[in-house]
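Here's a quick briefing to read with the structure open beside you. It goes topic by topic, so skip around as you like.

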Amino acid sequence: MVKAKRKPLEEIAEAISTYGKVLTVGCGGCVSVCLAGGQREVYELNAELELTFKESGTSKQLGNYTVERQCNMDLIQEMDDIAEGYDCILSMACGAGVQLMAERYPDKPVFPAVNTVCIGVDRNLGMYEEKCRACGECVLAYTGGICPVTRCAKGLFNGPCGGTNNGMCEVSQDVPCAWVEIYERLKGQNRLDDILKLQSVMQWQNQLQRTVVQPKYEKRYYK
Amino acid sequence: MFKKNTAGVDTDLIKKRLDSRKAKMKLSLAACAHCTLCAESCFLFNARDNDPTYMPSYKFINSIGVLYKKKGMVDRAALQDIRDVVWDRCVLCTRCYCPFGIDIPEMIAFARTICREQGVFPDFEKEQKHAG
């Protein structure tokens, strides 16, 4: 799932400082699961903001609402009436949610309250690890389930490079070399042939905005 | 006369919410013919060995349906039961299909909204603690 981290309080307070009525909107999707922008975090943020503005002698009306998913217009629209009464919106969703919210209310400033960090996995309570960069060209089949785009500092498709050093990466002795791990994994599975196959260069499809249409829906969207 | 214990629940607010979409929701609830076609489109129903409690129709009848039936006069335990249905048995993927055009995701989302307003929603921190 998408993983996010709340922005520093000062940055959020600065963004909304000139607005009197602020609606903090949480998202019931990924950011709830990673404890960054769900309903509980909305309450926490508003409590902190209230204290901050009280200390600085500023009067502000802080509202709160949580939609099930800010990346779905049908689910956002239920807060149309509520949004009407506010000067700006503070979205605690990922970047996709913030943008859809801004699209829904083009006349209203929408500010992000979290930094969207990555697509990752849950390692422990409140601890998440990046696993995927959504490059659009998955190579996990021949890398033993270890992503070189995410894990290798150079994002190499054919590795390791000359900078590998006793299992660690040249960028830091604390960073394991992804390609050594790929080698070990493939060796364990008796699949070392895979590492010898030359992979063509990445097309870097994520340089442009992408749209995903599943094959069975192509007829509906492409004439 | 027996009075339901609705302590800790703002039943007036629930009633207000229910009234705001009464026509559409009541029509949707009445239109359900229990044909079970929606079940086929629910991946959770398929993944849970066709457990009928994962049928989309079961989920909206036992969440928003209960709220309308009881006219919002529910206690906290009932809201928690609804929470288990609308969050644990539905991921709101919005893929459920109804031949009558009932907007099932909207009904589930509405039930969630009402639960949220009453402070009844999943505690992901607790869930992760248990998982860990």
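Let's start with the pairing of strand β8 (residues 168-169) of chain A with β9(A): the two run antiparallel and share two bridges. Keep in mind that this is a predicted model. After the hairpin come the sheet in chain A, a helix pair in chain B, and the contact between the chains.

**The hairpin in chain A**

- β8(A) and β9(A) make up a hairpin, and two residues sit between them.
- If you want a spot to zoom in on, A:M168 is opposite A:P176 in β9(A).
- Is strand β9 (residues 172-176) of chain A tucked away or in the open? Zero of its five residues are buried, so β9(A) lies largely in the open.

**The parallel sheet in chain A**

- Four strands of chain A form an open sheet with parallel pairing, in the order β3-β2-β4-β5.
- At the edges you'll find β3 (61-67) and β5 (110-112) of chain A, each of which pairs on one side only.
- From one strand to the next, the twist averages 25°.
- Strand β2 (residues 21-27) of chain A runs parallel to β3(A), and seven bridges join the two.
- Within that pairing, A:T24 stands opposite A:N64 in β3(A).
- Helix α3 (residues 39-55) of chain A packs on the sheet, where it touches β2 and β3 of chain A.
- The direction of α3(A) makes about 170° with that of β3(A).

**A helix pair in chain B**

- Helix α7 (residues 76-88) of chain B packs against α8(B) at an angle of about 140°, and the axes are 10 Å apart.
- That angle makes α7(B) oblique to α8(B).
- The crossing of α7(B) past α8(B) is left-handed.
- On the α7(B) side, the contact is made by B:L79, B:I82, B:R83 and B:V86.
- Facing them from α8(B) are B:I108, B:A111, B:R112 and B:C115.
- Sorted by character, the residues of this α7(B)-α8(B) contact come out as six nonpolar, two charged and no polar.

**Where chain B meets chain A**

- How many residues of chain B are in contact with chain A? Twelve residues of chain B are, and they contact 15 residues of chain A.
- On the chain B side, the elements giving two or more residues are α8 (104-117) and α9 (124-131).
- The chain B residues that touch chain A divide into four nonpolar, four polar and four charged.
- So α8(B) turns up twice in this briefing: it packs with α7(B), and it gives two or more residues to the side that touches chain A.

Definitions and conventions. Residues are numbered from 1 along each chain as its sequence is written. Chains are lettered from A and ligands numbered from 1 in the order in which they are written. This is a predicted model: local features need pLDDT of at least 70, side-chain atom pairs count only at pLDDT 80 or more; totals for chains, interfaces and linings use all residues. Two residues are in contact if their C-beta atoms, placed from the backbone, lie within 7 Å. Ala, Val, Leu, Ile, Met, Phe, Trp, Tyr, Cys and Pro count as nonpolar, Asp, Glu, Lys and Arg as charged, and the others, Gly among them, as polar. A residue is buried if 20 or more other C-beta atoms lie within 10 Å of its own, exposed if 12 or fewer, and partly exposed in between; C-beta atoms are placed from the backbone. Two strands pair if DSSP finds at least two bridges between them. Axes are lines fitted to C-alpha atoms, for helices over the stretch in contact, and angles run from 0 to 180 degrees between N-to-C directions. Angles under 35 degrees count as roughly parallel, over 145 as roughly antiparallel, 65 to 115 as roughly perpendicular and the rest as oblique. A crossing is left-handed if the near helix is turned anticlockwise from the far one by less than a right angle, and right-handed if clockwise.
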